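Please examine the model shown below. The paragraphs that follow consider the chain as a whole before turning to selected local features.

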Amino acid sequence: FYFGQRYGATEIYGIADDADEAVWRNKHIRGAFIRPQMTDASARIVRSNHIVVAAGAWSGRIAEMARIGEIFVFTRKCNIFLMRSFEVQLRKGQDLLAVKIPVVARKRMMFVVHAPDVPALDMPALVDPSGVYCLLEEVGNTFICGKIPNKEEDEKMDHSNLEVDYNYFYNDIWPTLVKRIPAFRNLKVSFIEKHDSFYFGQRYGATEIYGIADDADEAVWRNKHIRGAFIRPQMTDASARIVRSNHIVVAAGAWSSRIAEMARIGETFVFTRKGQDLLAVKIPVVARKRMMFVVHAPDVPALDMPALVDPSGVYCLLEEVGNTFICGKIPNKEEDEKMDHSNLEVDYNYFYNDIWPTLVKRIPAFRNLKIKNAWAGYEDVNTFDNSPVIGEHLLYQNLHFLCGFGNRGMQHSLAVGRSYAEKLLEGAYEEDEKMDHSNLEVDYNYFYNDIWPTLVKRIPAFRNLKIKNAWAGYEDVNTFDNSPVIGEHLLYQNLHFLCGFGNRGMQHSLAVGRSYAEKLLEGAYVSLNLRKFDMRRLVKMEKLEEEYG
């Protein structure tokens, strides 16, 4: 955790016997040092007014990071007047800091069993006073069994690993099940050995192919259907189990192509033979390292500084008031190949050699700056055409991909997620497909059936209302991915499109129109700042019209 002095508190230098709480009572948690769980990633401070610890079995460990429940607290005795070297002594924590968060990790095991003699449809959930429980997992006489141990049994268990102890089932669970329901005498425990892969089944109505031809890899797998996935928690020796699903959406960012390989998509060899046809085509989404730098430039006019995007890929935007800016660069293909993507170490020479000169050339006031912070992360870049990959796989129709957004993930994620969810659940964009777009007649039933109930549910005072006026109009909706179409045509380079804004036209039109005009006339976006595009310019324009007509 990142500690700071509490406002209005004075720091204590003389250490008394109970000074551990006296010192830390004046401290305040301002945030946490966070480092992504990736190789060589740099840690950075994430500031927060409130921190919620909801880490389950590891909450007690996180509390110890804030010195809560530490067995020993480091203190020191020192003679301030003589400035002698201080003596470090270990002393048991006292007062509030000595009280631990009594939450610990306790191993629990569950067993999936098949009991053909048990009447599955009429079998209720069973909870025995001894702690043994059993419930139906799915139709087909498959049950989930386990036991909630009492305090004495819990202390005898080995919680140091997550290996499944099948003797625990046969000695502590099975006898109770048979005693309560004798039909459980004949059962079989499901052993699942596979993990981190998809669960395939034969497609309905398809016959299995036994003779392997030259191109049989696709012929065989075309008759397969993904029924789910083998999932194993990321803990030591945890057992894998099947999670069944009708549809699987891969939205794993930079690691989406690795998940595709689990479904044999893009594998170099299938059954010791080179993959052909659809299975040979990889998902061209890879992890690419991107670095961002937070700089303080006192000479740059912060309030009037627009967002800057240079044709070279260098960008700069205002982070907060106080002359603090976020800078980075979107590299071209040649620059991207030269970068080391194997780690997330921040390369400060990259800033001074590739970013800073461009900033100074465009805005000389950036000559005087200081780097305050920096971090690196992975983006999911489509190396084929730098466009998002959205849709189902051509061979596995129930395996869907939403990835390859690159540096546009924050812009597109909400729209793509919502629209694709509607496509999966309803087969199309739900609300849009039901409407009649052939005319502009106002449908008042649409208000009373689809709008008014939601208003009343959220704000009951809307129950008493009257429609004063209504109108209908056409919006330019991009039916492909619900995002604006901005840029020149790939064939006719001098034909430019600014359309597809949908219900965001009023918000984006002024900023996009102005910035694209600057791109055409100046060759780059000169003064675009979407985040801080305010109404002050419009107010000034109204005053000018009043004074000078």
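**From the whole chain to local detail**

In this predicted model, the protein chain contains 13 helices and 25 strands. Of its 549 residues, 32% are buried. The chain exposes about 36,800 Å², and carbon and sulfur atoms supply 55% of that area. Among contacts with a separation of 6 or more, 61% are accounted for by residues 24 or more positions apart.

A helical segment from this chain may be considered next. Helix H11 comprises the 15 residues 444-458. At 1.5 Å a residue, H11 should span 21 Å; because its end C-alpha atoms are 20 Å apart, the expected and computed spans agree. Along H11, a kink of about 40° lies at isoleucine 451. This kink comes shortly before proline 453. At the N-terminal end of H11, aspartate 443 acts as the cap. A side-chain oxygen of aspartate 443 lies 3.1 Å from the backbone nitrogen of asparagine 445.

A second local feature concerns a single side chain. Serine 257 belongs to helix H6, which covers residues 256-262. Is serine 257 buried or exposed? Its relative accessible area is 13%, and because buried means under 20%, serine 257 is classed as buried. A polar atom of the serine 257 side chain lies 2.8 Å from the backbone oxygen of valine 285. When neighbours within four places in sequence are left aside, serine 257 is in contact with Ile283 and Val285. Valine 285 thus appears both in the polar pair and in the list of contacts.

Conventions. Residues are numbered from 1 along each chain as its sequence is written. This is a predicted model: local features need pLDDT of at least 70, side-chain atom pairs count only at pLDDT 80 or more; totals for chains, interfaces and linings use all residues. Side-chain values use heavy atoms; hydrogens and water are left out. Helices (H or I, at least four residues) and strands (E, at least two) are DSSP runs, numbered from the N terminus. The expected span of a helix is 1.5 Å times one less than its number of residues. The bend at a residue is the angle between axes fitted to the seven residues ending there and the seven starting there. A polar contact is a pair of N or O atoms within 3.5 Å; within protein, one must be able to donate a hydrogen and the other to accept it, and residues adjacent in sequence count only if both atoms are side-chain atoms. Buried means under 20% relative accessible area, exposed over 50%, partly exposed in between (1.4 Å probe, protein chains only). Contact means heavy atoms within 4.5 Å. Accessible areas come from the Shrake-Rupley method with a 1.4 Å probe; for residues, only the protein chains shown count as cover.
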